[in-house]
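Reader: Hello! I'm new to this structure and would love a close look at one part of it, the surroundings of the ligand.

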Amino acid sequence: MSLFTAVEMAPRDPILGLNEQFNADTNPNKVNLGVGVYYDDNGKLPLLACVQAAEKLMMESPKARGYLPIDGIAAYDAAVKSLVFGADSEPVKSGRVATAQGIGGTGGLKIGADFLKKLLPTAKVLISDPSWENHRALFTQAGFVVETHPYYDAAKRGVNFEGMLAALNAAEAGTIVVLHACCHNPTGYDITAAQWDEVIAVVKARKLTPFLDMAYQGFGHGIKEDGAVVGKFVAAGLCFFVSTSFSKSFSLYGERVGALSVLCENKEEADRVLSNLKLVIRANYSNPQIHGGTVVATVLNTPALRAQWEQELTEMRVRIKAMRQKLVDGLKAAGVKQDMSFITTQIGMFSYSGLNKDQMVRLRSEFGIYGTDTGRMCVAALNSKNIDYVCASIAKV
Ligand code: PLP
């Protein structure tokens, strides 16, 4: 008998579990579309030139590694505020945004969740059905009851917007609503600008607590375009939360760079909120890391590197779009009778392909093509070398 005799094996993370299965697969043609990672046309994880340039600058004047302030690098937090709200925006100029560097976008969400648990201890959390699975786990761990609102409509191949709106309308005041700011994960379906206006009107009327998750800014239509929804919430006069992730947009997954921003009514309120975010951070991990944050701050705050980043981000976005089109064309050429053009109306890294669990299992076992059982495929892992094989294999199942 040990202290741990009664500890049961926890379920494997479904996506990381797929990765393990993929790595063990000996099929020479295997393709991993299960991940949430952007690969270039050679199937390689890119190391962005702007990141390398920033690291070169950092190496030229090496610095000792003391502890950072609890809320992170000041220049980083300022750059995040400008990126999310706009450098010349009223919230930034008036100082009413509280921003703290976080451990990836997940860390930003977690800081927000822990702070909200103190602020609104009895509130429920609403996430989309389906959502990034960690939303449920993260808010549950923070002590909340997590429920879903309708989102994906399989028959319509789109969003069940009426269902979503009805659920928001029925939510109790204070309910925390986690909204994907752009590039919905896992479905790839975003709501339109006009639908955002309706959501915002309900959020305001029902006094809900909006929490925007922005993990893919720049992967949809562009940095500004993808951030437009933030401007809509500002214009509506709402106070809200935004988590930011640079994992995908800087291809810095392992550096864990992200942030939480909270828009408050005024600067004095933002100062009080920030002091409380710091309490949460201090008790969780004390203070964030230096390297990734410095890279991102250097790129965002150096005009030439910033321009280079925007160019590289554009290349990633354009390549994903091209792969969507190739997938649609390739499936047609491979003999798929159904109209698959919905794949080009989806946005971001993922596609809900409409394939069912049996088809996804066959793709895996017979062809070495790995996607999730829900039919989610990472379009950003397709390339000119694997696309024909993927199309031909999908046609066969
Ligand atoms: N939010 C969503 C919707 C995501 O898809 C992801 C990553 O896949 C994250 C947050 C977390 O990002 P990070 O890896 O920076 O923690």
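How many nonpolar, polar and charged residues does the shell around the ligand have?

Author: Happy to walk you through it, keeping in mind that this is a predicted model. By class, two residues of the shell around the ligand are nonpolar, nine are polar and one is charged. Now for their names: the ligand is surrounded by Gly-36, Gly-104, Gly-105, Thr-106, Trp-132, His-180, Asn-185, Asp-213, Ala-215, Ser-245, Ser-247 and Gly-258. If you would like an element to start from, try helix α5, which spans residues 104–119. With three residues, α5 gives the most to this shell.

It also helps to see the setting of the ligand's surroundings. The domain assignment divides the chain into domain 1, made of 14–47 and 306–396, and domain 2, which runs over 67–289. Between the C-alpha centres of these two domains there are 27 Å. Where they touch, 20 residues of domain 1 are in contact with 21 residues of domain 2. On the domain 1 side, the elements giving two or more residues are α12 (303–333) and β11 (350–352). That side of domain 1 has eleven nonpolar, six polar and three charged residues.

Finally, a record adds a label: an unreviewed UniProt entry annotates residues 29–394 as "domain: Aminotransferase class I/classII large". In the model, this span is 47% helix and 16% strand, and its end C-alpha atoms lie 14 Å apart.

Notes:
Residues are numbered from 1 along each chain as its sequence is written. This is a predicted model: local features need pLDDT of at least 70, side-chain atom pairs count only at pLDDT 80 or more; totals for chains, interfaces and linings use all residues. A residue is near a molecule or strand if its C-beta atom, placed from the backbone, lies within 6 Å of it. Helices (H or I, at least four residues) and strands (E, at least two) are DSSP runs, numbered from the N terminus. Ala, Val, Leu, Ile, Met, Phe, Trp, Tyr, Cys and Pro count as nonpolar, Asp, Glu, Lys and Arg as charged, and the others, Gly among them, as polar. UniProt positions are given in the numbering used here, feature names are shortened, and annotations may be inferred rather than shown by experiment. Domain bounds come from an automatic or database domain assignment. Two residues are in contact if their C-beta atoms, placed from the backbone, lie within 7 Å.
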